[in-house]
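The exercises below are meant to be worked with the sequence and the coordinates side by side. Please try each task before reading its solution.

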Amino acid sequence: MARIENKTQYEWAVKRVEELLPLVDDNTPRNDPNSIELELLSNLVADYSEEHFSLGEPSLPDVLKMRMHEMGLTQTALSTLLGVSPSRVSEYISGKSEPTLKVAREMSRRLSIDPHIILGA
């Protein structure tokens, strides 16, 4: 199967997908030429987008800052929640230090952070 090789091809494919969308709905037969073309182009566009525009995994410092904001926590409150010193929380937020396994478990459990993000896996 072909693939989108460059941005020009990508832009053409996106434009064509937008043209096909109004022509295909849930009742369109799967063997309809527009339906087939839409499915193929959509997959090619998705593959190119994933390869070239993927955001990747967020970093632990970014997720910690976001969770603190969402939960209305200060560094001191977070340190109490995790059972570590405020200076240690500061090191986690700045990326200067990584949590121990015990603290990582607490972060995952208490802040609902994916363990893969915490452990960098």
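**Exercise 1. The two sides of a helix**

Which exposed residues does the face of α6 turned away from its buried side carry?

Solution. Keep in mind throughout that this is a predicted model.

Step 1. On the face of α6 that is turned away from its buried side, the exposed residues are Leu 101, Lys 102, Arg 105 and Arg 109.

Step 2. Turning to the other side, helix α6 spans residues 101-111, and its buried residues are Val 103, Ala 104, Glu 106, Met 107 and Leu 111. Because these cover an arc of only 160° around the axis, they fall on the same side of α6.

Step 3. The elements that cover the buried residues of α6 include α3 (60-71), α4 (75-82), α5 (86-94) and α7 (115-119).

Step 4. Past the end of the helix, α6 is followed by Ser 112, which has a positive phi, near 55°.

**Exercise 2. The nonpolar cores**

Identify the residues that touch the most other members of the largest nonpolar core, and state which helices each supply at least two of its residues.

Solution. Step 1. The largest nonpolar core has 18 residues, and those touching the most other members are Leu 64, Leu 78, Met 107, Leu 111 and Ile 113. At least two residues of this core come from each of α3, α4, α5, α6 and α7.

Step 2. Take Leu 64 as a worked case: leaving aside residues up to four places away in sequence, Leu 64 touches Leu 78, Tyr 92, Ile 93, Met 107, Leu 111 and Ile 113.

Step 3. There is also a second, separate core of eleven residues, among them Ile 4, Val 17, Leu 44 and Tyr 48.

Step 4. As background to this exercise, nonpolar side chains in soluble globular proteins tend to be buried together.

**Exercise 3. A buried alanine**

Decide whether Ala 13 is buried or exposed, and list what Ala 13 touches beyond its sequence neighbours.

Solution. Step 1. Ala 13 lies in helix α1, which covers residues 7-20.

Step 2. Its relative accessibility is 2%, and because buried means under 20%, Ala 13 counts as buried.

Step 3. If residues up to four places away in sequence are not counted, Ala 13 touches Ile 4, Leu 41 and Val 45.

Step 4. For a sense of distance, the C-alpha atoms of Ala 13 and Pro 99 are separated by 45 Å, with these positions 86 residues apart along the chain.

**Exercise 4. Salt bridges**

How many salt bridges does a search of the whole structure find, and what parts does the pair of Arg 3 and Glu 51 tie together?

Solution. Step 1. The search of the whole structure finds ten salt bridges. In one of them, Arg 3 pairs with Glu 51, and the closest N and O atoms are 3.1 Å apart. Since Arg 3 lies in the segment before α1 and Glu 51 in helix α2 (residues 33-53), the pair ties together parts that are 48 residues apart in sequence. Arg 3 itself is partly exposed, with a relative accessible area of 48%.

Step 2. Next, consider a bridge inside helix α3, where Arg 67 and Glu 70 lie three residues apart, about one turn of the helix. Their side chains meet in a salt bridge at 3.2 Å, N to O, and Arg 67 is buried, with a relative accessible area of 17%.

Step 3. In helix α6, Arg 110 and Glu 106 are four residues apart, again about one turn of the helix, and the closest N and O atoms of their salt bridge are 2.6 Å apart. Arg 110 is partly exposed at 38% relative accessible area, whereas Glu 106 counts as buried at 19% relative accessibility.

Step 4. Finally, salt bridges with shared partners join Lys 15, Arg 16, Glu 19 and Glu 37 into one network.

**Exercise 5. Aromatic pairs**

Classify the ring pairs that Phe 53 forms with Tyr 10 and with Tyr 48.

Solution. Step 1. The structure holds three aromatic pairs. For Tyr 10 and Phe 53, the ring centres are 5.4 Å apart and the planes lie at 55°, so the pair is tilted. This pair links distant parts of the chain, with Tyr 10 in helix α1 and Phe 53 in helix α2, 43 residues apart.

Step 2. For Tyr 48 and Phe 53, the centres are 6.0 Å apart and the planes lie at 70°, so the pair is edge-to-face.

Step 3. Tyr 10 counts as buried at 15% relative accessibility and Tyr 48 is buried at 7%, whereas Phe 53 is partly exposed at 43%. Ring pairs link Tyr 10, Tyr 48 and Phe 53 into a cluster.

Methods
Residues numbered from 1 in each chain as written. Predicted model: local features only at pLDDT ≥ 70, side-chain atom pairs only at ≥ 80, totals over all residues. Heavy atoms only, no water. Buried < 20%, exposed > 50% of the residue type's maximum accessible area, 1.4 Å probe, protein only. Arc of directions from axis to C-beta. Contact = heavy atoms within 4.5 Å. Core = buried A, V, L, I, M, F, W, Y, C linked by side-chain atoms within 4.5 Å. Salt bridge = Lys/Arg side-chain N within 4 Å of Asp/Glu carboxyl O. Phe/Tyr/Trp six-rings, centres within 6.5 Å; stacked < 30°, edge-to-face > 60°.
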